[in-house]
Amino acid sequence: MRKQTKAIRIQAEKSQNREHSVPLYLTSSFAFESAEQGKALFDETEEGNIYSRFSNPNVTEFVDKVCMLENAEDGIATATGMAAVFASMAGLLKSGDHLVACRALFGSAHQIITQILSKWGITYTYVDASASEADWEAAIQPNTGTASADRPAARMVYLETPSNPGLELVDLEMLGRLKQKYGFILNVDNCFATPILQTPIDFGADLSVHSATKYMDGQGRVLGGIVVGRADLIQPIRFFARHTGPALSPFNAWVISKSLETLELRMERHCRNALQLAEALDTHADVERVLYPFLPSHPQYDLAKRQMSAGGAIVTIELEGGFERVNAFFEALTIPTLSSNLGDSRTIVTNPNTTTHAKLKPDEKAALGITPGLIRISVGLEDVDDLIEDFTQAVEKSAEVVREKVG
């Protein structure tokens, strides 16, 4: 069976009631048929559910579907996307380890690396997304020339591709080659692309991480996260998550698992809308810059075409006039929602400089290209002509507001 069929047909085992749709298993714990079974479940000689912090039929179904979509051996679900990111690092890294990360990261991931892992004696090096293979190698392996000789080789390389919010891409095939050479753990946040557009494990990644809150749910209803990948790496991540408690609720797992049945269909429409909106804004004189991986003007367009099947649902634009222009632009829009979330059926806009990346220092924002006039657009499933008309009029009205004030 092909993946779309499996995404619909993979289900938890039917109960004695022979239900067609998987029921909700809203229980904190599970009963044992005997003392012997309880012992066997706890010493892991028998598989089964014990406690919903450990496993639950709804959560297992969700994990099984994502493992199938990502071509992964095993996985574990978490309460949020950031819990998945943190578990994928904290479950595998120890004091004295070194982490190499792409500089273009979501704000909370940056805080984990710089403010939390650093307290545990885990050091880090940032590399630009567009860095050459030689530059990545030099950061990963100190004896290649540029890294400090007194620090260890990288235990893990972590990255987002495409990145949030600048839509920078990292060459996964290149990092897969370096991983084979040096043996580090390659950990990829695949949230923006989803398994429909990109499967990092096929390029050599060991782990693929998602905020299931985004496109996997797709309608802004529930929180969730997941890490999938090599079984031997998932095992210590599972140990960490089980004993620290960031468990995904059965209800949220049920909702997201249902949503995976339509993920491919939704991503097709998201990507088609995003490309058409990006093309329309790219030719507008009052838009300073448009970033979208499948626009020929994107600096990594060729890479995007090689490792993604479509450009995704995020379009990032820059408007001249700073926050005043952004504010006028948002006030002129009539369709989109102003929110820091993304991946919804409804189009959402935000200003990363004052929201998702507000806590970064000015030099950190500058390094990521996060300017006062930057706007991240999570393109939804509305009629694309309505979106183009609305964004066009908002661009023009906000430009006129700024010109009048300057005049």
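Mentor: Let's start with a definition: a helix is a DSSP run of H or I with at least four residues, and helices are numbered from the N terminus. Keep in mind that this is a predicted model.

Trainee: What makes residues 194-197 count as helix α8, with Thr194 in it?

Mentor: The run has to hold at least four residues, and 194-197 meets that, so this stretch is helix α8 and Thr194 has its place there. Thr194 also has a phi near 65°, a positive value in a residue other than glycine.

Trainee: How do you know whether Thr194 is buried or exposed?

Mentor: Buried means under 20% relative accessible area. Thr194 has 2%, so it is buried. For the whole protein, buried residues make up 55% of the 407 residues.

Trainee: Which residue in the loop between β4 and α7 has a positive phi although it is not a glycine?

Mentor: That's Leu167, with a phi of about 55°, in the loop between β4 and α7. At 2% relative accessibility, under the 20% limit, Leu167 counts as buried too.

Trainee: Where do the cis peptide bonds come in that loop?

Mentor: One runs from Thr161 to Pro162, with omega near -5°. Another joins Asn164 and Pro165, where omega is about 5°. Pro162 is in the loop between β4 and α7, and Pro165 has its place there as well.

Trainee: On to α7 itself. What does it pack against?

Mentor: Its buried residues are Leu172, Met174, Leu175, Gly176, Leu178 and Lys179. They pack against α6, β4, β5 and α12. At the start of α7, a side-chain oxygen of Asp171 reaches to within 3.1 Å of the backbone nitrogen of Glu173. After the helix comes Gly183, with a positive phi near 80°.

Trainee: Why is the pair Glu137 and Lys181 called a salt bridge?

Mentor: The rule wants a side-chain nitrogen of Lys or Arg within 4 Å of a carboxyl oxygen of Asp or Glu. The closest N and O atoms here are 2.8 Å apart, which is inside that limit, so the pair qualifies. Glu137 lies in helix α6 and Lys181 in helix α7, so the bridge ties together parts that are 44 residues apart in sequence.

Trainee: How do you know which of the two, Glu137 or Lys181, is buried and which is exposed?

Mentor: Set each value against the cut-offs. Glu137 has 16%, under the 20% limit, so it counts as buried. Lys181 has 55%, over the 50% limit, so it counts as exposed.

Trainee: What makes Lys405 and Glu324 a salt bridge?

Mentor: N to O comes to 2.8 Å, again within 4 Å, so this pair passes too. Lys405 lies in helix α15 and Glu324 in helix α13, so parts 81 residues apart in sequence are tied together. Lys405 is exposed at 57%, whereas Glu324, at 38%, is partly exposed.

Trainee: How many salt bridges does the rule give?

Mentor: The count comes to 18. Among them, Arg346 meets Asp344 at 3.1 Å, N to O. Asp344 is buried, at 4%, and Arg346 is partly exposed, at 45%. There's also a network that links Lys179, Asp206, Arg230 and Asp232.

Trainee: Why is helix α4 described as mostly covered?

Mentor: Of its 10 residues, 8 are buried. These include Ala83, Val85 and Met89. The N-terminal end of α4 is capped by Thr80, with a side-chain oxygen 3.5 Å from the backbone nitrogen of Met82.

Trainee: And the sheet: what makes β8 and β10 its edge strands?

Mentor: The open sheet has 5 strands in the order β8-β9-β12-β11-β10, with mixed pairing. Strands β8 and β10 each pair on one side only.

Trainee: How do you know that β9 and β12 pair?

Mentor: Pairing takes at least two bridges. Strands β9 and β12 have 5, in the antiparallel sense, so they pass. One of the partnerships is Ile314 with Ser378 in β12. Helix α13 lies across β9, β10, β11 and β12, at about 30° to β12.

Trainee: Last one: what radius of gyration would a compact globule have with 407 residues?

Mentor: Near 22 Å, and the protein has 22 Å, so the two agree.

Key
Residues numbered from 1 in each chain as written. Predicted model: local features only at pLDDT ≥ 70, side-chain atom pairs only at ≥ 80, totals over all residues. Heavy atoms only, no water. Helix = DSSP H or I, 4+ residues; strand = E, 2+ residues; numbered from the N terminus. Contact = heavy atoms within 4.5 Å. Axes fitted to C-alpha atoms, helices over the stretch in contact; angles between N-to-C directions. Buried < 20%, exposed > 50% of the residue type's maximum accessible area, 1.4 Å probe, protein only. Polar contact = N/O pair within 3.5 Å; in protein donor to acceptor, adjacent residues only side chain to side chain. Rg over C-alpha atoms; globule rule 2.2 N^0.38 Å.
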